[in-house]
Amino acid sequence: MAGVWHVIIRDLYGGGVDTNDWSPRTLAVAAGRPEGPGEPLNVPIVAASTFDAGADRAYSRENGTPTWEALETAIGALEGGHATAFASGIATLSAVVDTLKVGAKVCVPTFSYAGSRGLLAHAHRTGRLVVTEIAPDDTAAWVAAADADLLWLESPTNPTLDVIDIETIAAAAKGLVAVDNTFATPLGQRPLELGADIVVHSATKLIGGHSDLLLGLTIAADEGVAKDLRDARTRMGATPGALEAWLALRGLRTLPVRLAEQTRSAALLAARLLDHPAITRVRYPGSGTMIAFELPDAETADKVIGSLRLIRAATSLGGVESLVERRAWLAGDAHVPAGLVRFSVGLEDPEDLWTDLASALG
């Protein structure tokens, strides 16, 4: 299928990109660093809300800080667009919605992040937007909805790991196309190159990588769209904290090596889960750090999760520690198969992870 999640891990070890002919792996390490004699190698935490008058920067909510800007420069280079940092992942969707007119038509995948669908459902109930859900893999339905003001895509989807044909859908779209790229990361997929207008990330997840921050990112292909999103951030006050921005940038520096190792482990574990008699279905798109596996029912899944010793039960993902969650227990994911377990593969030895899983599965 053309235009789907086709970059994957190939670029982790080179291949070159347009920006300075550096590979994504190099950009993750090098972009957004201070330059010049006597400058620090790493942008420090700039804990300031107010700056001396007389320059372009006066107040951080409106003009940002050097810490935010370094992170925005680095992620913008990786995604190939103009980046803006936000206080959280969900704040990025709030900003995109803020740019739409009242009554705008929005389409969202039926299976996708519950927080995004919850925000859009609220906007629909209150008359702010007209929201339609479309099955992730129904490309024809997405193309038929091409006149929507916003197509909000997510690929691979959370938690079902469906892969959406971004390129085909973006080519047909008449309005904005935004892609939540949290699971793939800019090292696995660059949606702007596939025709999307906006990319968003919950940097809380794989970009930060250590389960210690909340932060969101938007990257726009067009500078005017980027300005609209930045203006929305100012209006909403959805600005990132100084420490959070610094931690996210620090996490980004090691994303290539973390992602490569976690992907290797995930591929190994997905193959073994596929052969396990207790598992009814394994969802794995062939790369990445996320697996979803299904057990016969909620009771069985809860028993397996409760029997794990190394792998922790928690609601987030993308950190160095492996986490599992039965997503259907959440009100927003009640339509997800009851026995589906979302598995975020961390950096532990994959053999230790498999021992833990095999023991819990029986």
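Start with strand 7 in this predicted model. Gly216, Thr218 and Ala220 point one way from the strand, while Leu217 and Ile219 point the other way. Each of these residues is buried. In a regular strand, side chains alternate between the two faces of the sheet. Strand 7 is mostly covered, with five of its five residues buried.

Look next at what flanks strand 7. Strand 1 pairs with strand 7 in the antiparallel sense, over five bridges. His82 has Ala220 of strand 7 as its bridge partner. Strand 6, residues 198-202, also runs antiparallel to strand 7, and five bridges join the two. Here Val199 stands opposite Ile219 of strand 7.

These strands belong to an open sheet of seven, in the order 1-7-6-5-4-2-3. The pairing in this sheet is mixed. Strand 1 and strand 3 (129-134) are the edge strands, each pairing on one side only. From one strand to the next, the twist averages 20°. Further along, strand 4 (residues 150-154) and strand 5 (residues 176-180) pair in the parallel sense over five bridges. Leu151 stands opposite Val177 of strand 5.

Is edge strand 1 largely enclosed or open? Four of its five residues are buried, so strand 1 is largely enclosed by the rest of the structure.

Helices pack on this sheet. Helix 3 touches strand 1, strand 6 and strand 7, and its direction makes about 130° with that of strand 1. Helix 4, residues 89-98, lies across strand 1, strand 3, strand 4, strand 6 and strand 7. Helix 4 runs at about 150° to strand 6.

Helix 3 also meets helix 9. Their axes come within 8 Å and cross at roughly 35°. The crossing is left-handed. From helix 3, the residues in contact are Thr67, Trp68, Ala70, Leu71, Ala74, Ile75 and Leu78. From helix 9 come Ala242, Ala245, Trp246, Ala248, Leu249, Leu252 and Arg253. By class, this contact has 12 nonpolar residues, one polar and one charged.

Several of these names return in the largest nonpolar core. That core has 30 residues, and Leu71, Ile75, Leu215, Leu217 and Leu252 touch the most other members. Six elements are the ones that give two or more residues to it: helix 1 (24-30), helix 3 (66-79), strand 1 (82-86), strand 7 (216-220), helix 9 (242-253) and helix 10 (255-274). Helix 3 supplies the largest share, seven residues. A second, separate core holds 26 residues, including Val106, Leu129, Val200 and Ala226.

Now move on to the other sheet. Five strands form an open sheet in the order 8-9-12-11-10, again with mixed pairing. Its edge strands are strand 8 (281-283) and strand 10 (312-313), each paired on one side only. Within the sheet, strand 11 (residues 323-326) and strand 12 (residues 340-344) pair in the antiparallel sense over four bridges. Leu323 stands opposite Ser344 of strand 12.

Which helix touches strand 8, strand 9 and strand 12? Helix 10 packs there, and its direction makes about 10° with that of strand 9 (290-294). Helix 10 is also one of the elements that give two or more residues to the largest nonpolar core. Helix 11, residues 298-307, lies across strand 10, strand 11 and strand 12. Helix 11 runs at about 155° to strand 11.

Technical notes
Residues are numbered from 1 along each chain as its sequence is written. This is a predicted model: local features need pLDDT of at least 70, side-chain atom pairs count only at pLDDT 80 or more; totals for chains, interfaces and linings use all residues. Side-chain values use heavy atoms; hydrogens and water are left out. A nonpolar core is a set of buried Ala, Val, Leu, Ile, Met, Phe, Trp, Tyr and Cys residues joined through side-chain atoms within 4.5 Å. Buried means under 20% relative accessible area, exposed over 50%, partly exposed in between (1.4 Å probe, protein chains only). Two strands pair if DSSP finds at least two bridges between them. Axes are lines fitted to C-alpha atoms, for helices over the stretch in contact, and angles run from 0 to 180 degrees between N-to-C directions. A crossing is left-handed if the near helix is turned anticlockwise from the far one by less than a right angle, and right-handed if clockwise. Contact means heavy atoms within 4.5 Å. Ala, Val, Leu, Ile, Met, Phe, Trp, Tyr, Cys and Pro count as nonpolar, Asp, Glu, Lys and Arg as charged, and the others, Gly among them, as polar.
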